[in-house]
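I opened the file to see how the chain is put together and how far the model can be trusted. My notes follow in the order I looked things up.

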Amino acid sequence: RKMADTTAAHAGEDTEKMLEDYKKDVAETDKDEYANLSSDEKTAWLRSKGVFIETVEERKAAAEARKNKKFDGAAGIYDIRPGMPPPPLSFKYVRVPCDDSVAFEEIQGFGYDACDNFLEMLKPKFAGGNVDSDKAQRAAMQHLGNSVPTLGDKGMSTLADAAEDGAVEVFALVRPAASNKHTGVYIYLDEVGMLKGLRPNRRASGIAKTCGFDDAQFFGDVFMGRVQVTPSPTHNIDFCANDLDSGARWLKAATTENYDYNMGMRQISDTMAEMRGGGAADDDAEKEGEGYKWSQDGDDLEISVEVEADVTKKDLKISFGQEKISVKVKGDTKVELTLFDKIRPDECNWTLSKGKLTLTMEKQVSGSWPNIVRWSESTS
């Protein structure tokens, strides 16, 4: 404000002293100016100085915006009601069409929360289409065995709802690690794309094969994005069309990083097993928990709980969340767990037979878990 006058008055003096005098002058002027402002004017004044301020009203408005947001699937952006603030996050992602003749499409995405926004924002992209009941039955038999009963109206209704509303499945190509600055690259696909009879996506399968997944199959258009988990919180970052070039650094390192990840997870599993007094970990082996037993394969988890012989389905209340599950028997909590990683609640089910309750859950991201619960729970 008075830099020109100060410079003239102190011409020839030490530069640091000039700067110090200027700072004091500005500070005194700012102090007087600030003291005479109203509350709203003080907020505006502080913001003009680069200070980040969020008022109670603005926090409420932001929460209301998240509550009232609606997604325009065609445009690929959030459409906010008048007066609502725009989404604070922006990131690029890529559509990989199932038609080989159509080029990759780089898309600008937006989101509200520090999380993997694709799980919600891509649902409209996969919405619509009809599920083939014969394909659904064959898929159920392949997944659960030939003894699985015929899918009834309820089962088909659930699949139809998933097709109509859009359901997003996640396939991890590269998981976050120190070597890739804690960023993971994922394919997001239509969970019921195969049951809709969508065309195979050969390019997506080829990308997965380059990353070390020889038998991965995808149907319909898929999307590819990147998620960073460190520094916390988890958030989406750019994944661009040129990230699909054959010479892209992440793609060339994927096979090695996936091998290192699997070896690391195996070492953690073995260490945990040794701490419990056993030998090396065996994913298929049933493990003991507090009041339950559990086992896993690459895609699924199974928990079994012993209950009294007279317990019926009416006595049970089972709750599946993305990261938590609970089992109540006759009103009493039998099992309550914060899981090691996320599951898909819409793909979970349970059965009761001869005093044994069995919970079956599908992991959101395939891979071996070193434990069923978070470390804090398992070591407390």
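I started with pLDDT, which is the predictor's confidence in each residue, from 0 to 100. The model is a predicted one, and I found an average pLDDT of 75 for the protein chain. I noted that 63% of the residues score at least 70.

Next I looked up the weak stretches. Residues 70–80 have a pLDDT below 50, yet I counted 24 contacts for this stretch beyond near neighbours in sequence. Residues 376–380 also stay under 50, and there the model has six contacts beyond four places in sequence.

Then I took the overall figures. I listed 11 helices and 16 strands in the protein chain. Of its 380 residues, 37% count as buried. Of the contacts with a separation of 6 or more, 57% are between residues 24 or more positions apart. The chain exposes about 22,100 Å², and carbon and sulfur atoms supply 50% of that area.

I turned to the cores. Which residues of the largest nonpolar core touch the most other members? I found Ile-303 and Ile-372, in a core of 26 residues. Strands E10 (292–296), E11 (300–306), E12, E13, E14 (332–338) and E16 (356–362) each give two or more residues to this core. Another core lies apart from it, with 21 residues, including Val-94, Ile-187, Met-224 and Leu-244.

I followed Ile-372 further. Leaving aside neighbours within four places in sequence, Ile-372 is in contact with Tyr-292, Trp-294, Leu-301, Ile-303, Leu-337, Thr-338, Leu-339 and Phe-340.

I then traced one sheet. It is open, has three strands in the order E12-E13-E14, and pairs them antiparallel. E12 and E14 stand at the edges with a single partner strand each, so one side of each has no neighbour in the sheet. The twist averages 5° from one strand to the next.

I checked the pairings one by one. Five bridges join E12 to E13 (residues 324–329), and the two strands form a hairpin with three residues between them. Across this pair, Lys-317 stands opposite Lys-328. Six bridges join E13 to E14, where Val-327 stands opposite Val-335.

Last, I asked which side chains of E12 (residues 316–320) are buried. Leu-316, Ile-318 and Phe-320 point to one face and are buried. Lys-317 and Ser-319 point to the other face and are not buried. I noted the general rule beside this: in a regular strand, side chains alternate between the two faces of the sheet.

Terms used. Residues are numbered from 1 along each chain as its sequence is written. This is a predicted model: local features need pLDDT of at least 70, side-chain atom pairs count only at pLDDT 80 or more; totals for chains, interfaces and linings use all residues. Side-chain values use heavy atoms; hydrogens and water are left out. Helices (H or I, at least four residues) and strands (E, at least two) are DSSP runs, numbered from the N terminus. Buried means under 20% relative accessible area, exposed over 50%, partly exposed in between (1.4 Å probe, protein chains only). Contact means heavy atoms within 4.5 Å. Accessible areas come from the Shrake-Rupley method with a 1.4 Å probe; for residues, only the protein chains shown count as cover. Two strands pair if DSSP finds at least two bridges between them. A nonpolar core is a set of buried Ala, Val, Leu, Ile, Met, Phe, Trp, Tyr and Cys residues joined through side-chain atoms within 4.5 Å. Axes are lines fitted to C-alpha atoms, for helices over the stretch in contact, and angles run from 0 to 180 degrees between N-to-C directions.
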